[in-house]
Amino acid sequence: MDNIITVRHLRVHSRDKTLVGPVSFSLEPGSTTGLCGPSGAGKSTVLRALVDLLPNGLTRDGDLQVLGRTIAPGKGDANLRAKVVLVPQTPVVFGGSILDNALFGLRHVLRAPRKVLRERAEQALHEAGLWKEVSDRLDAPAHTLSVGQRQRLCLARALALEPAALLLDEPTSALDEQSRDTVEKTIAALHGRRAVLLVSHDPAQVERLCDTIIRLDQPTATSPTVTVS
Ligand SMILES: Nc1ncnc2c1ncn2[C@@H]1O[C@H](COP(=O)(O)OP(=O)(O)OP(=O)(O)O)[C@@H](O)[C@H]1O
């Protein structure tokens, strides 16, 4: 089967320097890949480049293909972001209820009766390990959740889309041990079903979950490097 994502010689630049790359790798269907490297090496920037959502002032070059389609810079769209879903390190919850947040995104990509959407959102809350904590207050404002719960809500929102690839930026960094284990189980259960690109500072976690590791070295002005093992 074709790769979900193929990246060749991807580089990200600010106005005056190259911040990341060149990076080349591919994500096969169902694979779990770790993206590692020191702080500032460009892990979050790579994830944002993959969904064509770089911050203002940053540009990319190189080749990005998603599900066989070349994504030119600035040409990423809602369709791409439903197939390749980024869960950022800092959880973003919207105004509205916990359920509204789990449905956000799904409502835009799936035309189905509300009952069907709700079932899928509830299933995603189960998968993200949040269901027990929120099942009796789905209509409560999402901002009443703790940071760790918000992180799992964002994961649920992404899972509800049933994406081909999930890009997870340090998904357990704000979690206690128990919640971390729950999220790790969720990620492990995705193996073989969805491509996952996992940014993690925890070598043991990468070892537990990933079958391939991409290491970004600290970029230097002359020779940023990447290794794939
Ligand atoms: N909008 C921006 N403008 C200029 N430079 C930026 C911008 N965003 C990120 N950078 C720079 O790009 C580099 C990579 O940042 P990035 O956040 O991707 O690193 P990271 O590996 O994810 O770090 P961490 O592990 O600390 O989260 C850093 O040097 C950072 O300062």
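How many bridges join strand β1 to strand β4, and in which sense do the two strands run? In this predicted model, strand β1 (residues 5–13) and strand β4 (residues 59–66) are joined by 7 bridges and run antiparallel. Within this pairing, Ile5 has Val66 as its bridge partner in β4, while Thr6 is partnered in β4 by Gln65. Gln65 also stands opposite Thr70 in β5, a strand that covers residues 69–70 and pairs with β4 in the antiparallel sense over 2 bridges. The hairpin formed by β4 and β5 has 2 residues between the strands, and in it Leu67 takes a positive phi near 50°.

These pairings belong to an open sheet of 4 strands, arranged in the order β2-β1-β4-β5 with antiparallel pairing. The edges of the sheet are occupied by β2 (18–27) and β5, each of which has a single partner strand, so that one side of each is left without a neighbour in the sheet. Strands of a sheet pair, in general, through backbone hydrogen bonds, in either the parallel or the antiparallel sense.

With regard to the overall architecture, the protein contains 9 helices and 10 strands. Its C-alpha trace spans about 55 × 35 × 35 Å along the principal axes, and its radius of gyration of 17 Å agrees with the value near 17 Å that a compact globule of 229 residues would have. Of the 229 residues, 41% are buried. Among contacts between residues at least 6 apart in sequence, 71% join residues that are at least 24 apart.

The surroundings of the ligand comprise 13 residues, of which Ser39, Lys43, Ser44, Thr45 and Pro55 come nearest. By residue class, this shell divides into 4 nonpolar, 8 polar and 1 charged. Its largest share, 3 residues, is supplied by helix α1 (residues 43–50). Helix α1 is itself largely enclosed by the rest of the structure, because 7 of its 8 residues are buried; these are Lys43, Thr45, Val46, Leu47, Arg48, Ala49 and Leu50. Lys43 and Thr45 are thus found both among the residues that come nearest to the ligand and among the buried residues of α1. Just after this helix, Asp52 takes a positive phi of about 55°.

Nonpolar side chains tend to be buried together in soluble globular proteins. In the present model the largest nonpolar core has 61 residues, and those with the most contacts inside it are Ala156 and Leu167. Helix α7 (residues 147–160) gives the most to this core, with 7 residues. When residues up to four places away in sequence are not counted, Ala156 touches Ala102, Ala124, Leu125, Glu127, Ala128 and Leu130.

A further position examined is Phe104, which lies in the loop between α3 (98–103) and α4 (106–109). Phe104 counts as buried, because it has 20 C-beta neighbours inside 10 Å. Its contacts, not counting residues up to four places away in sequence, are with Phe94 and Arg157. By contrast, the C-alpha atoms of Phe104 and Thr32, which are 72 residues apart along the chain, are separated by 25 Å.

Technical notes. Residues numbered from 1 in each chain as written. Predicted model: local features only at pLDDT ≥ 70, side-chain atom pairs only at ≥ 80, totals over all residues. Near = placed C-beta within 6 Å. Nonpolar A, V, L, I, M, F, W, Y, C, P; charged D, E, K, R; others polar. Buried ≥ 20, exposed ≤ 12 C-beta atoms within 10 Å, placed from the backbone. Core = buried A, V, L, I, M, F, W, Y, C linked by C-beta atoms within 7 Å. Contact = placed C-beta atoms within 7 Å. Rg over C-alpha atoms; globule rule 2.2 N^0.38 Å. Pairing = 2+ DSSP bridges.
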